[in-house]
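Please consider the structure shown below together with its sequence. The paragraphs that follow lead from one residue to the chain and its helices.

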Amino acid sequence: MAENGTDCDQRRIGMSKEQHNGNFTDSSLLSERKRRDREERLNIVLWRQPLVTLQYFFLETLINLKEWTIKLWHRRSILVSFLLMLAVLTATYYVEGRHQQYVRYMEKKFFWCAYWVGLGILSSVGLGTGLHTFLLYLGPHIASVTLAAYECNSVNFPEPPYPDQIICPDEEVSGGSISLWAIISKVRLEACMWGAGTAIGELPPYFMARAARLSGAEPDDEEYQEFEEMLEHAETAQDFASRAKLAVQNLVQKVGFFGILACASIPNPLFDLAGITCGHFLVPFWTFFGATLIGKAVIKMHIQKLFVIITFSKHIVEQMVSLIGAVPSIGPSLQKPFQEYLEAQRIKLHHKHDAGVPQGENWLSWMFEKLVIVMVCYFILSIINSMAQSYAKRLQQKMYSEEKTK
């Protein structure tokens with residue numbers, strides 16, 4: 001692995017020498033031009049240049065579809081095997097028989113797991129800003145199950161309507177109290193699938209840095225360039241952000257599997273840097289992905305689950321509502337909608353699923369629904385802007401290559 005890294009470094013040094021002997025002999029002019037190009041790309045957004053942004057977005061989409069089609073054609077044996085397996089599964093799904101009960105059960109579990117894995121990928125994948133699906137989906141789901149468990153004194157919610165709707169079971173549970181472990185077990189599948197999705201979403205930075213190191217090419221990626229600049233100026237780093245990034249890089253590089261596990265097991269906004277570091281130093285794939293998967297889908301998710309469950313336990317919620325009422329002047333007016341919302345949730349929990357759902361909406365739930373819509377729309381806009389800027393980067397790279405060949 002060290003020999004491969006040395007060869008790549010030698011090739012990179014050779015390329016940099018050739019570059020200095022070419023058209024761009026002045027590095028300051030080159031860096032200034034790249035800075036202007038970056039600023040020009042950042043101005044390609046829907047609220048500033050809507051027509052150009054949409055045009056570049058569609059062109060980038062077509063290019064990506066073409067690239068994916070070519071990759072699928074080169075791997076047509078895998079594609080044919082997948083289609084054959086899909087045909088067998090389709091036949092199994094539609095042919096009548098005793099196996100249908102197992103097919104329906106597997107279908108339900110598969111789509112439920114795929115839903116949470118997809119939300120996890122959206123939360124961490126490198127498209128735009130990422131969608132904060134824990135705050136928008138998983139966190140509220142765990143909170144709803146927690147509130148229902150304490151109100152019903154049980155987690156045996158009837159299926160269906162659970163998980164689409166939570167109502168208390170018909171049989172009354174007398175005595176005792178709901179345990180923390182019972183609530184954790186009830187939401188473990190959803191939380192672990194979401195954590196696995198976030199681990200999958202961390203793979204693009206790893207593959208990008210690994211491919212760049214093996215090929216010796218300089219990828220036009222701001223995060224990777226920032227990483228290389230950080231390595232060059234590691235000894236002179238003074239500000240807190242640079243020191244924090246350097247600490248993550250040193251931990252991952254020196255400790256290996258357990259360093260990656262430690263970074264993945266805590267809420268860490270710098271984890272993209274860990275993926276770039278592992279790719280740059282050619283850390284084996286299963287070392288990186290295995291540590292990331294265990295850290296995010298097992299350790300980190302149990303920490304986040306415990307935090308949400310404890311925060312939304314019955315006595316904590318009641319104390320929070322009472323504290324809101326103690327705020328001078330505006331306390332009672334703020335406390336009333338929270339009390340109405342909690343009371344509405346209790347009524348829903350005890351409402352029989354065959355009698356319909358009671359109508360009525362609280363302004364808190366209305367605001368949360370609108371917040372979800374706004375954040376999803378912003379995420380879609382960020383994807384459009386990001387892809388449009390990627391196409392602008394293609395045009396700039398093409399211009400660079402044409403100038404070098406003159």
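In this predicted model, Arg210 counts as partly exposed because its relative accessibility is 26%, a value between the limits of 20% for buried and 50% for exposed. Arg210 belongs to helix α9, which covers residues 203-215. When its neighbours within four places in sequence are set aside, Arg210 has contacts with Gly279, His280, Leu282 and Val283. The C-alpha of Arg210 also lies 7.8 Å from that of Ile276, although 66 residues separate the two in sequence.

The chain as a whole can be described next. It contains 17 helices and zero strands. Of its 406 residues, 35% are buried. Among the contacts between residues at least 6 apart in sequence, 72% join residues that are at least 24 apart.

Helix α5 may be taken as one element of this helical chain. It comprises residues 100-124, 25 residues in total, and spans 36 Å from its first C-alpha to its last, close to the 36 Å expected at 1.5 Å a residue. Which residues of α5 are buried? They are Gln100, Val103, Trp112, Cys113, Trp116, Val117, Leu119, Gly120 and Ser124. These buried residues pack against three helices, namely α4 (76-94), α6 (133-152) and α8 (188-201).

Two of those partners, α6 and α8, also meet helix α14. A pair of packed helices is described by the angle between the two axes and by the distance between them. For α6 and α14, the latter formed by residues 285-311, the axes come within 9 Å and cross at roughly 55 degrees. The two helices are therefore oblique to each other, since this angle falls between the limit of 35 degrees for roughly parallel and the range of 65 to 115 degrees for roughly perpendicular. Their crossing is right-handed. On the α6 side the contact is made by Phe134, Leu138, Gly139, Ile142, Ala143 and Thr146, and on the α14 side by Met301, Gln304, Lys305, Val308 and Ile309. Sorted by class, these are seven nonpolar, three polar and one charged residues.

The second pair is α8 and α14, whose axes come within 8 Å and cross at roughly 140 degrees. This pair is therefore oblique as well, because angles count as roughly antiparallel when over 145 degrees. Here too the crossing is right-handed. From α8, the residues in contact are Arg188, Ala191, Cys192, Trp194, Gly195, Ala196, Thr198, Ala199 and Ile200. They meet Phe289, Thr292, Leu293, Lys296, Ala297, Met301, His302, Gln304 and Lys305 of α14. The contact of α8 with α14 divides into 10 nonpolar, five polar and three charged residues. Met301, Gln304 and Lys305 of α14 take part in the contact with α6 and also in the contact with α8.

The loop between α6 and α7 (180-186) deserves attention for its backbone. Asn153 is placed in this loop, and its phi is near 60 degrees, a positive value in a residue other than glycine. Is Asn153 buried or exposed? Asn153 is buried because its relative accessible area is 18%, and the limit is under 20%. Pro163 is also found in the loop between α6 and α7. The peptide bond that leads from Tyr162 to Pro163 is cis, with omega near 10 degrees.

Methods: Residues numbered from 1 in each chain as written. Predicted model: local features only at pLDDT ≥ 70, side-chain atom pairs only at ≥ 80, totals over all residues. Heavy atoms only, no water. Helix = DSSP H or I, 4+ residues; strand = E, 2+ residues; numbered from the N terminus. Expected span 1.5 Å × (residues − 1). Buried < 20%, exposed > 50% of the residue type's maximum accessible area, 1.4 Å probe, protein only. Contact = heavy atoms within 4.5 Å. Axes fitted to C-alpha atoms, helices over the stretch in contact; angles between N-to-C directions. Left-handed = near helix turned anticlockwise from the far one by under 90°. Nonpolar A, V, L, I, M, F, W, Y, C, P; charged D, E, K, R; others polar.
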